[in-house]
Amino acid sequence: MKALMQELRENAVKSITGADSIEALEALRVKYLGKKGELTAILKQMGKLSAEERPVMGQLANQLRAELEKNIESARARLEAAALEAKLELEAVDVTIPGEDIRLGHKHPMYKALDEIKDIFVGMGFTVLDGPEVELATYNFDKLNAEEGHPSRDWSDTFYFDTDSRVMLRSQTSPMQVRAMETMELPIRIIAPGRVYRKDEVDATHSPMFHQVEGMVIDKGVTMADLKGTLNAVMEELFGKGTVTRFRPHHFPFTEPSCEMDVQCHKCGGKGCPTCKGEGWIEVLGAGMIHPRVLEMSGIDSEEYTGWAFGMGLERLAMRRFKISDLRLIFENDVRFLEQF
Ligand code: PHE
């Protein structure tokens, strides 16, 4: 029996030190020390021994079990360390390899100009509104005093969705005046930037889709002087001190009196050049005192309240702000162009 145990010990120690995985090691533990393992098998023969031999063999068996358990433990530690090593090796990151070049985009110059415009108006206490591009003709025309028969309602000027001309792509941001009057408490001070659509051919100053920034103030005792003062202050903030503007009389159905505002051409300083089509001035907005009928249609007492409104062409302002000579550059999105701002 001693010889059997000796043999078991030799075999076990050899295979345990040679085990090459945690799983193999566990199999060996079961093989030698498990309930149905080889050591148990030997101990089952204890019954055949004499009463003197039995405790001696029992002690030897316990020593062998303890020795093999210790062997298994250290083999496990060795295998675990090796596995960790291999994992670290596999997941190692070479920090000296050059990184991938990430190309950062640029904010579009028109949106840069819009951010500046919003900042200026918010600083003056205006609220920024957002509104629908698909609009009801009632808001785009009727409630703005442009009733049936007004030339701007023509099919050759406007994109309609239906045959009875009720739903359309808004041709101006002015419907936001009505939406603000219908939903906001007085006094009102808002701007509403967004896209507008007209059936225009593309050229250096036109596009069938462009952007406007609508603005409106309604309060008691508001006059044309406030309109001019505010817009001149905005232009000086945007384009720099001493920016020259001029106001010309104009007509809009929803304002009375109406005007357009020009800014002196940045290219030629007013002498006349291709950018301003020889005029020395660039038209940037339409404006005026809100027509009393428009106030009344939206439920505002025109005896008590007055207001003014304007609609700026955002592309035109961005062109002037960043000295861009052709409107088409704004929509082409050529990165070589966009990178310059
Ligand atoms: N909506 C006008 C346009 O598109 C501009 C405008 C806005 C004029 C507000 C007066 C008041 O031309």
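**Ligand contacts, helix packing and backbone details**

Let me begin at the ligand, where one of its oxygen atoms is placed 2.9 Å from an N or O atom in the side chain of Gln 212. I should say at once that this is a predicted model, and that what follows describes the model as it stands.

Staying with the ligand, an N or O atom in the side chain of Arg 198 is found 2.8 Å from an oxygen atom of the ligand, while a nitrogen atom of the ligand has a polar side-chain atom of Gln 172 at 2.8 Å. Which residues come nearest, of the 14 around the ligand? They are Gln 172, Ser 174, Arg 198, Gln 212 and Gly 311.

Next, the helix packing. Helix 2, residues 22–33, packs against helix 4, residues 53–91, with the axes 10 Å apart and an angle of about 175° between them. Because angles over 145 degrees count as roughly antiparallel, that is the description that applies to helix 2 and helix 4. On the helix 2 side the contact is made by Ile 22, Leu 25, Glu 26, Arg 29 and Leu 33, and among the residues that helix 4 contributes are Arg 65, Leu 68, Glu 69 and Ile 72. By class, the residues of this contact between helix 2 and helix 4 comprise 7 nonpolar and 6 charged, with no polar ones.

The second pair is helix 5, residues 109–123, and helix 8, residues 224–239, whose axes come within 10 Å and cross at roughly 135°, so the two helices are oblique to each other. The crossing of helix 5 past helix 8 is right-handed. From helix 5, Ala 113, Glu 116, Ile 117, Ile 120 and Phe 121 take part, and they meet Val 234, Glu 237 and Leu 238 of helix 8. Here the contact residues divide into 6 nonpolar and 2 charged, again with no polar ones.

Finally, some backbone details. Where do the prolines that follow a cis peptide bond at Leu 186 and at Glu 256 sit? Pro 187, joined to Leu 186 by a cis bond with omega about -5°, belongs to the loop between helix 7 and strand 4, whereas Pro 257, which follows Glu 256 through a cis bond with omega near -5°, is placed in strand 7, residues 255–264.

Positive phi values in residues other than glycine also appear, at Ser 165, with phi near 55°, and at Lys 323, with phi near 55°. Ser 165 lies in the loop between helix 6 and strand 3, and Lys 323 in the loop between helix 10 and helix 11.

Conventions
Residues numbered from 1 in each chain as written. Predicted model: local features only at pLDDT ≥ 70, side-chain atom pairs only at ≥ 80, totals over all residues. Heavy atoms only, no water. Axes fitted to C-alpha atoms, helices over the stretch in contact; angles between N-to-C directions. Helix = DSSP H or I, 4+ residues; strand = E, 2+ residues; numbered from the N terminus. Parallel < 35°, antiparallel > 145°, perpendicular 65-115°, else oblique. Left-handed = near helix turned anticlockwise from the far one by under 90°. Contact = heavy atoms within 4.5 Å. Nonpolar A, V, L, I, M, F, W, Y, C, P; charged D, E, K, R; others polar. Near = heavy atom within 4 Å. Polar contact = N/O pair within 3.5 Å; in protein donor to acceptor, adjacent residues only side chain to side chain.
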